[in-house]
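User: Hi, I'm new to reading structures. Could you walk me through this one?

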Amino acid sequence: MASTSAMIIPKHIEFVEVGPRDGLQNEAVLVSTVDKLALINRAIAAGARRIEATSFVNPKRVPQMADAEDVCAGLPDRGDVTFIGLVMNLRGAERAIATEKIDQLGAVAVATDTFAMANQGQSSNESVEAAKAIIALAKAEGRTAQCTIAASFGCPFEGEVSDQRIIDMAVAIAEAGPVEIALADTIGVGNPAQVARLVEQIKKAVNPLPVRVHFHNTRNTGLANVWAAVGAGASVIDASLGGLGGCPFAPGAAGNVPSEDVVYMLERAGVSTGMNLDSLIGASQWLSDIMGRKLPGMVAQAPPFPKIG
C-alpha cells in the first residue's frame with residue numbers, strides 16, 4: 001500500500017472537465033443548450049483540453065441530457081480539444097459517432113450487479129462486455145474510447161466492493177484497447193488509503209494504460225482522494241466546475257470534486273494541470289448564477305491567495 005512517505009508526486013496531470021455532463025445530469029434545473037455550450041467554451045478558455053460534453057442516454061431516464069445532439073451541433077471546431085460523449089450501449093455509441101463532433105466515447109462498466117441493473121439494466125459482467133463492444137466500435141469508426149468502472153470504491157446497494165473485483169474488470173476491459181481505465185467513486189465512500197492501494201494495483205494490472213480517477217465529494221473526502229490517487233500513480237483527474245454532479249441511479253451521490261478546488265490544490269503543490277485558476281473561478285461564479293444558488297466549490301468563495309498587489 002502506498003504511504004505518504006512513499007508518494008511520488010508527478011510534475012503534471014491531465015485534467016478532464018466533466019461539468020457539462022456529470023455536473024448537470026442530476027440537477028432539477030434543466031440548463032439550456034445555449035448555457036451548456038457557454039459552459040463548455042468557458043472551460044476551454046480556462047485551459048480544459050478534454051471535456052465530457054454530454055451523454056447519449058435515454059432522455060426519459062435522464063432528461064437533462066435530452067439535447068445531446070444539439071449540444072454537439074454547437075461544439076466549437078477545436079483540433080486541440082477532445083470532446084467526450086458518455087455512452088451506455090451500442091445505440092448510444094452510434095448516436096455519438098453520428099454527430100461527427102464526439103472524439104472519444106466514454107463507456108461505463110459497473111462493479112456490482114445491483115447497481116449495474118439500476119444504471120444500465122444488465123449485470124456487472126454484461127456491463128464489461130458492453131464496454132468492450134463500445135470500445136471496439138469506436139476504434140472501428142476512427143475514434144478513441146475510454147472506460148470508467150463505476151462504484152469502484154463501494155456500491156450504494158451492495159456495500160463494500162473487493163479490490164480483486166475491480167482489478168479483474170480492469171484487466172478484462174484493457175484487452176479491448178481503451179485509452180485509459182478510470183476508477184469512479186460514484187457515491188463518495190472512498191478513503192485515501194483505499195484509493196492509494198487500488199490505484200497502485202490497477203496501474204500495475206493495466207500497465208502501460210493510464211489510470212484516471214473520478215471522485216464524488218459526498219463525505220468530504222474527495223480532495224484527499226485526488227491527492228492520494230495522484231501520489232499512487234493516477235495521471236488523469238476528472239473534476240466538475242463548482243462541484244456540481246451526481247448520479248440519478250445512485251442514491252445519495254452528491255457532487256464531484258470541484259474543478260477550481262482540484263486545480264488550486266494541485267498547482268499549489270507543484271503539479272501542473274494546464275488550467276488557469278482565475279478563469280475557472282470566474283466560470284464557477286458564472287455557473288452559480290445560471291444554477292441560481294451557491295455551488296459547493298470552496299475556492300471560488302474564498303479570497304484569492306496569494307494576494308496580488
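**Prolines, helices and pairs**

User: Let's start towards the end of the chain. Where is P306 found?

Analyst: You'll find P306 in the segment after α11 (277-291). Keep in mind as we go that this is a predicted model.

User: Okay, and what kind of peptide bond joins F305 and P306?

Analyst: F305 and P306 are joined by a cis peptide bond, with omega at about -5°. A cis peptide bond also joins N207 and P208, where omega is about 10°. That P208 sits in the loop between α8 and β7 (211-215).

User: Why point those out?

Analyst: Because most peptide bonds are trans, and most residues other than glycine have a negative phi.

User: Which residue has a phi near 60°?

Analyst: That's E100, and the value is positive even though E100 is not a glycine. Look for E100 in the loop between α4 (90-98) and β4 (104-110).

User: Is E100 buried or exposed?

Analyst: Exposed, because its relative accessibility is 69% and the cut-off for exposed is over 50%. N220 is another non-glycine with a positive phi, about 65°. N220 lies in the loop between β7 and α9, and at 65% relative accessibility N220 counts as exposed.

User: Changing topic: helices. How would you describe two that pack together?

Analyst: You give the angle between their axes and the distance between the axes. Here, helix α8 (residues 192-206) packs with helix α9 (residues 222-232) at an angle of about 30°, and the axes are 8 Å apart.

User: Which residues of α8 and α9 make the contact?

Analyst: On the α8 side, P192, V195, A196, V199, E200 and K203 take part, and on the α9 side A224, N225, A228, A229 and A232 do. Sorted by class, the contact has 8 nonpolar residues, 1 polar and 2 charged.

User: And is the crossing of α8 and α9 left-handed or right-handed?

Analyst: α8 passes α9 in a right-handed crossing.

User: Cool. Now charges: how many salt bridges are there?

Analyst: The count comes to 13 salt bridges. In one of them R50 pairs with E14, and the closest N and O atoms are 3.5 Å apart. R50 is in strand β2 (residues 50-56) and E14 is in strand β1 (residues 14-17), so this pair ties together parts that are 36 residues apart in sequence.

User: What about R50, buried or exposed?

Analyst: R50 is buried, with a relative accessible area of 6%. Its partner E14 counts as partly exposed, at 33% relative accessibility.

User: Which residue does R21 meet in a salt bridge?

Analyst: The side chain of R21 meets that of E52, with 2.8 Å from N to O. This is a link between distant parts of the chain, since R21 is in helix α1 (residues 19-23) and E52 is in strand β2, 31 residues apart. Both R21 and E52 are buried.

User: Got another one?

Analyst: Sure, R78 and D80 form a salt bridge, where the closest N and O atoms are 2.9 Å apart. R78 is partly exposed, with a relative accessible area of 32%, and D80 is partly exposed at 40%.

User: Which residues do shared salt-bridge partners join into one network?

Analyst: E14, R50, E180, R212 and D238 are joined that way.

User: Last topic: rings. How many aromatic pairs does the structure hold?

Analyst: It holds 2 aromatic pairs. In one, the rings of F115 and F157 have their centres 6.0 Å apart and their planes at 55°, so the pair is tilted. F115 is in helix α5 (residues 113-120) and F157 is in the loop between β5 (144-150) and α7 (163-174), so the pair links distant parts of the chain, 42 residues apart. F115 counts as buried at 1% relative accessibility, whereas F157 is partly exposed at 38%.

User: And why is the pair of F153 and F215 called tilted?

Analyst: Because the planes of F153 and F215 are at 40°, and tilted covers planes that are neither under 30 degrees apart nor over 60. Their ring centres are 5.8 Å apart. F153 lies in the loop between β5 and α7 and F215 lies in strand β7, so this pair ties together parts 62 residues apart in sequence. F153 and F215 are both buried.

Key. Residues numbered from 1 in each chain as written. Predicted model: local features only at pLDDT ≥ 70, side-chain atom pairs only at ≥ 80, totals over all residues. Heavy atoms only, no water. Axes fitted to C-alpha atoms, helices over the stretch in contact; angles between N-to-C directions. Helix = DSSP H or I, 4+ residues; strand = E, 2+ residues; numbered from the N terminus. Left-handed = near helix turned anticlockwise from the far one by under 90°. Contact = heavy atoms within 4.5 Å. Nonpolar A, V, L, I, M, F, W, Y, C, P; charged D, E, K, R; others polar. Salt bridge = Lys/Arg side-chain N within 4 Å of Asp/Glu carboxyl O. Buried < 20%, exposed > 50% of the residue type's maximum accessible area, 1.4 Å probe, protein only. Phe/Tyr/Trp six-rings, centres within 6.5 Å; stacked < 30°, edge-to-face > 60°.
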